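Here are some worked exercises on strands, sheets and helices. Grab your viewer and try each task before you read its solution.

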Amino acid sequence: MIRSFACSLLLICTLLTALDVRAEAKRERPNVLLIVSDDQGYNDLGVLNEDLITPALDRLAREGTRLTNFYVAWPACTPSRASLLTGRYPQRNGIYDMIRNEAPDYGHRYKPSEYEVTFERIGGMDEREIMIPDLLGDEGYRSAIFGKWDLGSLKRYLPTARGFDEFYGFVNTGIDYFTHERYGVPSMYRNTEPTQEDRGTYCTDLFGREALRFVDETAGQQRFFLYLPFNAPHNSSALEPEIRTTVQAPEEYKKMYPPVEPEYRDVAAYRYGGAARVVTKEARQRDYRAAVTCMDAAIGKVLDELEQRGELDNTIVIFFSDNGGSGGADNSPLRGHKAQMWEGGIRVPCLIRWPAGGIPAGEVNDAFLTSLELLPSLCIATGTEIPADLVLDGFNWWPTLKGEVDSPRQEMFWKRRDLQAARVGQYKWVDEKGKAGGLFDLSKDIGESNDLSESHPEILKMVTGRYERWLENMEKAEPRGPFRDF
């Protein structure tokens, strides 16, 4: 009996020790802070552009690694955000176009009953898709999103139905920064319910406030995944031309930049309707930069809070823009802008800080990497199992970021309606269906100014051939809604 008791005691002690080891391993896992800006230009970081004030982002560049050759999966918001959360091409996860209504672009203000049955209201990501918080949640991570969701507004599509524990933000592609309306329609939610509790407060401040609250409640108590997708510096989604033609920003941040005169100009005809008062180019650039600086201040507060709690160094901090810049953005030295397949539409600034994970400080990394790498890389870093049947289009990027191996990525493909592009090695092919395009050697011509189509037809054939094979593979993939017919 004594032996039986001793064996039982040993077994219990062994189990407790195993549990302690597992618990300790989980405590050592990193937190994740994923920050995504909206329409920020490739050159719009203070470390690159002395006209911009971004001390927090500059800190990330100084204490982490800045990527110069980083791409997103689509040149505009909805598909880009779907891909970064799933690790799958837009054509594979089903979100290969925008979930939005076009009518407000022409001045139409929806009535509430009319808006409720539009695609912007009823469309959403296929419920079979698996996102980062779905996987991390299985390992005990607490996940939250504060900011722009853009993947569906019905309850079954909202973040809390997709693995997130908390959500405060807006559900569609853009809002007025103060009223939180999209073309007159209230668009803010807390978890699954619409809310106007903070109407009148600048939304960047709100998203920063919620992030600080979440860190205060969670850091040191539980590992977390905090997704902070700002809508800054995206233009305001308002019908009024004097608001819609710029980025709204608090006055205190506008005053940090040189004064502009005049701020407005009168035009005989606006995009819809007749004469209108719009913002001047100079004022739009000032407003854009002020919005970036305000966002930077919110980021800085979150970094400071994590540092004070001793959690910063073992928090993976990743920052990038959802697509290329527009409006007052500076995409130089790239060609093009948001919504285009030129580098300026799909190559974006990216910063990564994780000293506890061996990410070098002050490094500039030119490796060919993309947002598709996020999900598999975060799973590796957090010890999270990836389902064997989950088909991903990205890979583990940590060895490349540490300088141990070259990037495994050799190609990337994009398709937006009639626009298409492919990068294979150093060569980039763009086709805007009769408008423009060509073949370019990005190792020598980052600005895509020297078309090699005629001088190197064999390379053009190789790149377009790879693109066609990719299209075939996407067509063979298990179909996903909401756009694909199946």
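**Exercise 1.** Find which residue of E13 stands opposite Leu33, and work out how E1 is embedded in its sheet.

*Solution.* This is a predicted model, so keep that in mind throughout.

Step 1: Opposite Leu33 you'll find Val317 in E13. The two strands, E1 and E13, run parallel and share 7 bridges.

Step 2: Now look at the other neighbour. E1 also pairs with strand E10 (residues 224–229), again in the parallel sense, over 5 bridges. Here Val32 has Phe225 of E10 opposite.

Step 3: Sort the side chains. In a regular strand they alternate between the two faces of the sheet. In E1, Asn31, Leu33, Ile35 and Ser37 point one way, while Val32, Leu34 and Val36 point the other way. Every one of these is buried, which fits the tally of 7 buried residues out of 7 for E1.

Step 4: Check what covers the strands. Helix H13 (residues 374–382) lies across E1 (31–37) and E13 (315–321), at about 170° to E13.

**Exercise 2.** Write down the strand order of the 10-strand sheet and say which strands stand at its edges.

*Solution.* Step 1: The order reads E9-E8-E5-E4-E10-E1-E13-E14-E2-E15, in an open sheet with mixed pairing.

Step 2: E9 (193–194) and E15 (363–365) each have a single partner strand, so each keeps one side without a neighbour in the sheet and they form the edges.

Step 3: For an antiparallel example, take E5 (residues 166–170) and E8 (residues 188–190), which pair over 3 bridges. Phe170 has Met188 in E8 as its bridge partner.

**Exercise 3.** Describe the sheet of 4 strands and the helix lying across it.

*Solution.* Step 1: The order is E17-E18-E19-E20; the sheet is open and its pairing antiparallel. E17 (411–416) and E20 (437–441) are the edge strands, each pairing on one side only. On average, neighbouring strands here are turned by 5° against each other, ignoring direction.

Step 2: Zoom in on one pair. E19 (residues 427–431) and E20 are linked by 5 bridges in the antiparallel sense, with Tyr427 standing opposite Asp441 of E20.

Step 3: Add the helix. H15 (residues 457–476) lies across E17, E18 (419–424), E19 and E20, at about 70° to E17.

**Exercise 4.** Classify the crossing of H2 and H11, then check the length of H11.

*Solution.* Step 1: Two packed helices are described by the angle and the distance between their axes. For H2 (residues 55–63) and H11 (residues 281–308), the axes come within 7 Å and cross at roughly 55°. That makes H2 oblique to H11.

Step 2: List the contact. Pro55, Ala56, Leu57, Arg59 and Leu60 of H2 meet Asp296, Ile299, Gly300, Leu303, Asp304 and Glu307 of H11. By class, that gives 6 nonpolar, 1 polar and 4 charged residues.

Step 3: Do the length check. With 28 residues at 1.5 Å a residue, H11 should span 40 Å, and its end C-alpha atoms are 41 Å apart, so the two agree. After H11 comes Gly310, with a positive phi near 70°.

**Exercise 5.** Is H3 mostly covered or mostly uncovered, and which residue follows H3?

*Solution.* Step 1: H3 (residues 77–86) is mostly covered, with 10 of its 10 residues buried. Among them are Cys77, Arg81 and Leu84.

Step 2: Gly87 follows H3, and its phi is positive, near 70°.

Key:
Residues numbered from 1 in each chain as written. Predicted model: local features only at pLDDT ≥ 70, side-chain atom pairs only at ≥ 80, totals over all residues. Heavy atoms only, no water. Pairing = 2+ DSSP bridges. Contact = heavy atoms within 4.5 Å. Axes fitted to C-alpha atoms, helices over the stretch in contact; angles between N-to-C directions. Buried < 20%, exposed > 50% of the residue type's maximum accessible area, 1.4 Å probe, protein only. Parallel < 35°, antiparallel > 145°, perpendicular 65-115°, else oblique. Nonpolar A, V, L, I, M, F, W, Y, C, P; charged D, E, K, R; others polar. Expected span 1.5 Å × (residues − 1).
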